[in-house]
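Here are some exercises to work through at your own pace. Try each task with the structure open, then compare your reasoning with the solution.

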Amino acid sequence: MDLFDNLPQPPDATPTQIAPGAFLLRGFALEKAPSLLQAIEAILQQAPLRHMLTPGGHTMSVGMSNCGALGWVSDTSGYRYSARDPLSQLPWPCMPACLLELAQQAATQAGYPQFQPQACLINQYTPGAKLSLHQDKDEKDLASPIVSLSLGLPAVFLFGTPRRNDRPQRYRLAHGDVVVWGGPSRLAYHGVAPLGDDEHALLGRRRINLTFRRVYENYP
Ligand code: MD3
Ligand code: FE
């Protein structure tokens with residue numbers, strides 16, 4: 001099996017390029033993980049995780065919520081970004097400074113200075129939860145990268161190319177890992193294999209992934 005379990009890397013080390021425009025920062029968030037998790041739990045008290053419906057009517061196995069000016073939502077009418085949480089009709093919780101700064105620092109390390117994310121999608125995986133191969137193309141601003149932060153149980157991340165039928169590479173994404181996806185990798189197909197059943201010291205039997213996104217070039 002072509003599972004590339006890349007070597008760990010200190011938080012200040014040079015990012016590893018894993019594809020054109022895509023950079024892996026192993027352990028970049030490791031030291032800050034406890035405080036980041038606190039900020040995430042506070043968001044989830046205001047905007048709880050929920051299992052959204054796909055446009056095809058299937059319930060997603062990943063629990064989702066958002067913070068920031070915009071949030072990604074899915075229901076039987078489709079995928080879109082919304083300024084309000086459809087559960088409460090309230091604006092999504094603000095993006096905490098600690099999360100925004102982490103995303104901006106990682107983007108800068110990877111060669112994308114000036115990253116100003118408008119949305120942060122929070123994905124929670126419990127054992128068995130997965131994310132099928134897809135492209136992130138609901139954002140108008142495809143020039144900006146997406147920054148992802150992984151916390152908790154490790155997952156096997158599938159990373160293909162912008163061509164659906166190219167066989168994806170596999171990466172093990174662990175607690176504290178950050179990846180920056182931009183340039184030619186921005187429209188790469190990707191997904192997450194079903195989460196294994198294990199226990200993480202800080203998060204228990206779950207994995208949380210945050211993705212920081214710029215949706216519109218000019219909003220707000
Ligand atoms: C590569 N989330 O929310 S993060 C998603 O682990 C999503 O929860 C996964 O895919 C997760 O849409 C993967 C890594 C990621 C995010 C966006 C990408 C990789 C990407 C966009 C383009 C290419
Ligand atoms: Fe995605």
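**Exercise 1: Polar contacts of the ligand**

Task: In this predicted model, how far is an oxygen atom of ligand 1 from an N or O atom in the side chain of Asp136?

Solution: Start with Asp136: the distance from an N or O atom of its side chain to an oxygen atom of ligand 1 is 3.2 Å. Next, compare that value with the cut-off: a polar contact is a pair of N or O atoms within 3.5 Å, so this pair counts. Now look at His190, which has a polar side-chain atom 2.9 Å from an oxygen atom of ligand 1. Finally, turn to Arg207, where a polar side-chain atom lies 2.8 Å from an oxygen atom of the ligand. As for cover, ligand 1 on its own has 500 Å² of accessible area, and the protein covers 98% of it.

**Exercise 2: The shell around the ligand**

Task: Find where ligand 1 sits, and say which strand gives the most to the shell around it.

Solution: First, the place: ligand 1 sits in the largest pocket. Second, list the elements that give two or more residues to the shell: strand 7 (119-125), strand 8 (131-134), strand 9 (146-152), strand 13 (190-192) and strand 14 (207-213). Strand 14 gives the most, with four residues. Third, pick out the residues that come nearest: of the 19 around ligand 1, these are Asn123, Tyr125, His190, Arg207 and Arg213. Last, sort the shell by type, and you get eight nonpolar, seven polar and four charged residues.

**Exercise 3: An aromatic pair**

Task: What kind of aromatic pair do Phe157 and Trp181 form?

Solution: The count comes to five aromatic pairs. For Phe157 and Trp181, the rings are 4.9 Å centre to centre, with 50° between the planes, and the pair is tilted. Now place the two residues: Phe157 lies in strand 10 (residues 155-159) and Trp181 in strand 12 (residues 178-181), so the pair ties together parts that are 24 residues apart in sequence.

**Exercise 4: Backbone exceptions**

Task: Which kind of peptide bond joins Tyr219 and Pro220?

Solution: Begin with the general rule: most peptide bonds are trans, and most residues other than glycine have a negative phi. The bond between Tyr219 and Pro220 is cis, with omega about 0°. Pro220 is found in the segment after strand 14. Then check Gln89, whose phi is near 65°, a positive value. Gln89 is found in the loop between strand 6 (78-82) and helix 2 (97-109).

Note on methods:
Residues are numbered from 1 along each chain as its sequence is written. Chains are lettered from A and ligands numbered from 1 in the order in which they are written. This is a predicted model: local features need pLDDT of at least 70, side-chain atom pairs count only at pLDDT 80 or more; totals for chains, interfaces and linings use all residues. Side-chain values use heavy atoms; hydrogens and water are left out. A residue is near a molecule or strand if one of its heavy atoms lies within 4 Å of it. A polar contact is a pair of N or O atoms within 3.5 Å; within protein, one must be able to donate a hydrogen and the other to accept it, and residues adjacent in sequence count only if both atoms are side-chain atoms. Accessible areas come from the Shrake-Rupley method with a 1.4 Å probe; for residues, only the protein chains shown count as cover. On a 1 Å grid over the protein atoms alone, a cavity is a set of points where a 1.4 Å probe fits but cannot get out, and a pocket is an open set with protein on both sides within 12 Å along at least five of seven lines; lining residues have an atom within 4 Å of a point. A molecule sits in a cavity or pocket if more than half of its atoms lie within 2 Å of its grid points. Ala, Val, Leu, Ile, Met, Phe, Trp, Tyr, Cys and Pro count as nonpolar, Asp, Glu, Lys and Arg as charged, and the others, Gly among them, as polar. Rings of Phe, Tyr and Trp (its six-membered ring) pair if their centres lie within 6.5 Å; planes under 30 degrees apart count as stacked, over 60 as edge-to-face and the rest as tilted.
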